[in-house]
Amino acid sequence: MAVPRSRIVDLMKAQCRIFSTIFNPERLRMGNKILRQRLKGPALAAYYPRRVATIKDLQKLYPNYETYDEDEEDRLEHIQIQKSRGKGAPKKKKSAAESKKFGKKKR
């Protein structure tokens, strides 16, 4: 004994009204499962610590004042020592021709 489709659709409507779900008789993919989930943004934002002001930020805010960044000075000194030993980074190419000349590898 088959039940008419209209009666089943009416039953589905009532079920959706009672359980607060979306009535979708064509079973289309609408993304309701994703939209019902809790938002992840606040949890992710709370996971990472807040950004603390650095010496570079202070230098940008107050350009007239002389500040001393010990880490930056150490880095520059390290680079200078490497360059004096011939171990520094190579110079950048100024033209496209220079880049192509040294970019190809021989097989």
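## A surface patch, two tyrosine pairs and a helix

L58, L61, Y62 and Y65 come together as a nonpolar patch on the surface, and their accessible area amounts to about 480 Å² together. The model shown here is a predicted one, and the values that follow should be read in that light.

Within this patch, Y62 is found in the loop between α4 (55-61) and α5. Y62 counts as partly exposed, because its relative accessible area is 45% and the class of exposed residues begins over 50%. Y65, another member of the patch, has a relative accessible area of 60% and is therefore exposed.

The aromatic rings deserve a closer look, since the structure holds 2 aromatic pairs. In one of them, the ring centres of Y47 and Y48 are 5.1 Å apart and the ring planes stand at 90°, so this pair is edge-to-face. The two patch tyrosines Y62 and Y65 also form a pair, with ring centres 6.0 Å apart and planes at 70°, and because planes over 60 degrees apart count as edge-to-face, this pair is edge-to-face as well. As for the surroundings of Y47 and Y48, Y47 is exposed with a relative accessible area of 65%, and Y48, at 56% relative accessibility, likewise counts as exposed.

Beyond the loop that holds Y62 runs helix α5, which covers residues 70-84. Does the length of this helix agree with what its residue count predicts, or disagree? At 1.5 Å a residue, the 15 residues of α5 should span 21 Å, and the C-alpha atoms at the helix ends are 21 Å apart, so the expected and the modelled lengths agree. The helix is followed by G86, a residue whose phi is positive, near 85°.

Helix α4, on the other side of that loop, contains I55. At 32% relative accessibility, I55 counts as partly exposed. The C-alpha atom of I55 is separated by 63 Å from that of K13, and these two residues are 42 residues apart along the chain.

A last stop is the loop between α1 (5-19) and α2 (32-36), where N24 has its place. N24 is at 18% relative accessibility and therefore counts as buried, since the cut-off for that class is under 20%. A polar atom of the N24 side chain lies 2.7 Å from the backbone oxygen of L28.

Terms used:
Residues numbered from 1 in each chain as written. Predicted model: local features only at pLDDT ≥ 70, side-chain atom pairs only at ≥ 80, totals over all residues. Heavy atoms only, no water. Helix = DSSP H or I, 4+ residues; strand = E, 2+ residues; numbered from the N terminus. Expected span 1.5 Å × (residues − 1). Phe/Tyr/Trp six-rings, centres within 6.5 Å; stacked < 30°, edge-to-face > 60°. Buried < 20%, exposed > 50% of the residue type's maximum accessible area, 1.4 Å probe, protein only. Patch = residues over 30% accessible without salt bridge, like charges linked within 9 Å, V, L, I, M, F, W, Y side chains within 5 Å. Areas by Shrake-Rupley, 256 points an atom, 1.4 Å probe, with all protein chains shown as cover. Salt bridge = Lys/Arg side-chain N within 4 Å of Asp/Glu carboxyl O. Polar contact = N/O pair within 3.5 Å; in protein donor to acceptor, adjacent residues only side chain to side chain.
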